[in-house]
Amino acid sequence: MSGQDEQTTPVRWRRAMEAALYGPDGFYVRPGGPGPAGHFRTSVHASGLYAGAVARLLRRVDAELGHPAALDLVDMGAGRAELLAGVLAALPAEVAARVRPYAVERAERPAGLDPRIRWAASPPEGTTGLLFANEWLDNVPLDIAEDGRYVLVAPDGTESPGGPVDAADRAWLEEWWPGGGRAEIGRARDEAWAAAVAGVERGLAVAVDYGHTKETRPPYGTLTGFRGGREVPPVPDGSCDVTAHVALDACAGPGSVLLTQREALGALGVSGARPPLALASTDPAGYVRALASAGEAAELTARGGLGDFLWLCRPVGIAAAWPGG
């Protein structure tokens, strides 16, 4: 088979996504450019309040661990490490001095990054602290099935039917996405999350993502693309992000808790409540700052928007440390 044939032959979606996102010129690994923040808006980019909330969560974990000499903070799918930078800035100096921040990312380390941040292609072993995965699992490549057969895709996005789903994927579908029709096989995400959690010796692992549960599986799936801040067809040619919502209930392990972002951030002190109007008279500048903060909090917790994201919280060797726990 020639190289040209290899490039145009339809393949299963998992293979196509892997090449489009993480191949030699993949969307997430190509050098230069604005990075993911130039194509879509996450909670991290929406407001510094998000990093502040993660900093408060890290301090809860720190207390549960007895304030160890070294406190790990592992950011899965770190992008340009914006979240890590924000958390470090939000922490008290004493806590920040003990933090070992890890950015887990398949792209090259960006220039000018805080030298305290360790850059790695995979999470460290023996983590003691917080492992946080904000919109990571939705970019773990997965296969698509329709009526018991894999869906194949060409580089231009054209789909065609493939062979029958194998035994392992069929078992996953029967357990987590029954009913036939079109389905996104989340087994690869389950395995990726289990591997990340396995690296935590003591602490808390949190995955935050677009998600759904068994009772609310979308009948036609959620596979889509993003480019330049706009939703586009999911064409696996490296020109756009290719993503699908996560079956987070399938990922959950023993002791896990599943919350909406609205619930989680509310428990971590992020509120969209407007400041009292009386403050406008006594401290006009403070009122304006508080009003801006309330607006940002409202965006992070909005129903029908970022507030509907799901937080999967998994404690490892500690008691409850998740928001509200």
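Which residue in β14 is the bridge partner of F226? In this predicted model, the partner turns out to be D241. That contact belongs to the pairing of β12 (residues 224-227) with β14, an antiparallel match held over three bridges. Zooming out a little, β12 and β14 sit in an open sheet of three strands, ordered β13-β12-β14, with antiparallel pairing. The edges of this sheet are β13 (230-232) and β14 (241-243), each of which pairs on one side only. Neighbouring strands here are turned by 35° against each other on average, ignoring direction.

There is also an open sheet of seven strands. Reading across it, the order goes β4-β3-β2-β5-β10-β17-β16, and the pairing is mixed. Its edge strands are β4 (118-120) and β16 (257-260), each with a partner on one side only. On average, neighbours in this sheet are turned by 20° against each other, again with direction ignored. One of the pairings to look for is that of β10 (residues 200-209) with β17 (residues 310-316), which run antiparallel and share seven bridges. Within that pairing, L204 has P315 of β17 as its bridge partner. As a general point for reading such pictures, side chains in a regular strand alternate between the two faces of the sheet.

Helices lie across this seven-stranded sheet too. Helix α5 crosses β2, β3 (99-104) and β5 (127-134), and runs at about 165° to β3. Helix α8 lies across β2, β5, β10 and β17, running at about 145° to β10.

Both helices come up again at the largest pocket, which has a volume of about 580 Å³. Of the 32 residues that line this pocket, the closest to its centre are M76, G77, A78, E105 and W136. Which elements each supply at least two residues of the lining? The list is α2 (13-22), α3 (43-46), β2 (71-76), α5 (82-90) and α8 (187-198). Among the contributors, α8 gives the largest share, with three residues. As for the chemistry of the lining, 19 of its residues are nonpolar, seven are polar and six are charged.

Next comes a hairpin, made by β7 and β8, with five residues between the strands. In this hairpin, G157 takes a positive phi near 95°. The strands themselves, β7 (residues 149-153) and β8 (residues 159-164), pair in the antiparallel sense over four bridges. To trace one of the links by eye, start at R149 and look for its bridge partner in β8, P164.

Finally, there are the charged pairs. Side chains of opposite charge can pair when their charged atoms come close. The structure holds twelve such salt bridges. One of them joins the side chains of D143 and R12, with 2.8 Å from N to O. Where along the chain do D143 and R12 sit? D143 is in strand β6 (residues 143-146) and R12 is in strand β1 (residues 11-12), so placed that the pair links distant parts of the chain, 131 residues apart.

Definitions and conventions. Residues numbered from 1 in each chain as written. Predicted model: local features only at pLDDT ≥ 70, side-chain atom pairs only at ≥ 80, totals over all residues. Heavy atoms only, no water. 1 Å grid on protein atoms, 1.4 Å probe; cavity = no way out; pocket = protein on both sides within 12 Å on 5 of 7 lines; lining within 4 Å. Points joined across faces, edges and corners; volume = space filled by probe spheres on them. Nonpolar A, V, L, I, M, F, W, Y, C, P; charged D, E, K, R; others polar. Pairing = 2+ DSSP bridges. Axes fitted to C-alpha atoms, helices over the stretch in contact; angles between N-to-C directions. Contact = heavy atoms within 4.5 Å. Salt bridge = Lys/Arg side-chain N within 4 Å of Asp/Glu carboxyl O.
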